[in-house]
Amino acid sequence: MDKRIKLEIKLPLVKDIELVAIEGLELMGRHLQIAEEKIGEARILITEGIINAIEHSENTTPFIDVHFIMNIDALVIIITDYGKGFDPSSVENPEIDKKLSSNYKRGWGLKLMREMSDEFKIDSSEKGTKITITKNLR
Ligand SMILES: Nc1ncnc2c1ncn2[C@@H]1O[C@H](COP(=O)(O)OP(=O)(O)OP(=O)(O)O)[C@@H](O)[C@H]1O
Ligand SMILES: [Mg+2]
């Protein structure tokens, strides 16, 4: 039987709140006996996604929504903010050589999420941004 568990949380826009989502993820992972290495990678994906939503979105609600759907094969993470949105195609792809000689060292989160996930989708408009990340767990 395909055992599928879901967690849906509204996170207030408070420093370090991503740790609450991570706690939930780890519990789900233990319940389904997912390899620690996979959960570690999922932890990084969640952290980058939630911090982006809190830091960049200029959110108009006092919360963001985070949904996890997990079975033994895969995890889907959906992070929704209700902020200003952005155009992902206008975000410059970071390059290590340029970053080393530049004072602006940030701008790695989206690239990292794209590379560490198995599917990565951004839906963004002036009403907010939803990112959907799929991570295989086997
Ligand atoms: N949820 C969001 N709402 C609005 N803009 C966003 C959102 N997520 C990302 N962005 C825009 O995309 C840019 C790139 O995001 P990315 O995570 O790659 O880098 P960063 O957050 O600026 O730096 P880093 O993740 O390395 O700390 C951000 O600077 C921001 O302009
Ligand atoms: Mg970021």
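For the residue classes used here, Ala, Val, Leu, Ile, Met, Phe, Trp, Tyr, Cys and Pro are nonpolar, Asp, Glu, Lys and Arg are charged, and the rest, Gly included, are polar. Keep in mind throughout that this is a predicted model.

**Stop 1: the ligand shell**

Select ligand 1 and show what surrounds it. The shell holds 15 residues. N52, F86, R106, G109 and L110 are the closest. Colour the shell by class: five residues are nonpolar, seven polar and three charged. Now colour by element. Helix 2 and helix 4 are the elements that contribute two or more residues each. Helix 2 gives the most, with four.

**Stop 2: helix 2 against helix 4**

Stay with these two helices. Select residues 36–56 for helix 2 and residues 109–116 for helix 4. Their axes are 10 Å apart, and the packing angle is about 145 degrees. The crossing is left-handed. Next, show the side chains at the contact. From helix 2, pick E41, I44, L45, E48, G49 and N52. From helix 4, pick G109, L112, M113 and M116. By class, this contact has five nonpolar, three polar and two charged residues. Two of the names should be familiar: N52 and G109 are among the residues closest to ligand 1.

**Stop 3: the start of helix 2**

Go to E36, which lies in helix 2. Is E36 buried or exposed? E36 is exposed, because only 12 or fewer neighbours are needed for that label and E36 has 9 other C-beta atoms within 10 Å. Draw a distance from E36 to L110, a residue of the ligand shell. Their C-alpha atoms are separated by 23 Å, and the two residues are 74 apart along the chain.

**Stop 4: the sheet as a whole**

Hide the side chains and show the strands. Five of them form an open sheet in the order 1-2-3-5-4, with antiparallel pairing. Which strands stand at the edges? They are strand 1 (5–12) and strand 4; each has a single partner strand, so one side of each lacks a neighbour in the sheet. On average, neighbouring strands are turned by 10 degrees against each other, direction ignored.

Bring helix 2 back into view. Helix 2 packs on this sheet and touches strand 1, strand 2, strand 3 and strand 5. The direction of helix 2 makes about 10 degrees with that of strand 3.

**Stop 5: walking the pairs**

Begin at the edge with strand 1. Eight bridges link strand 1 to strand 2 (residues 63–70), and the two run antiparallel. Select E8 to find one of the bridges: its partner in strand 2 is H67.

Move on to strand 3 (residues 74–81) and strand 5 (residues 128–136). These pair in the antiparallel sense over eight bridges. Here L75 has K135 of strand 5 as its bridge partner.

Finish at strand 4 (residues 119–125). Seven bridges join strand 4 to strand 5, again antiparallel. How many residues lie between strand 4 and strand 5 in their hairpin? There are two. Select S125 and its bridge partner G128 in strand 5. Then select E119, which stands opposite T134 in strand 5.

Note on methods
Residues numbered from 1 in each chain as written. Chains lettered and ligands numbered in written order. Predicted model: local features only at pLDDT ≥ 70, side-chain atom pairs only at ≥ 80, totals over all residues. Axes fitted to C-alpha atoms, helices over the stretch in contact; angles between N-to-C directions. Left-handed = near helix turned anticlockwise from the far one by under 90°. Contact = placed C-beta atoms within 7 Å. Near = placed C-beta within 6 Å. Pairing = 2+ DSSP bridges. Buried ≥ 20, exposed ≤ 12 C-beta atoms within 10 Å, placed from the backbone.
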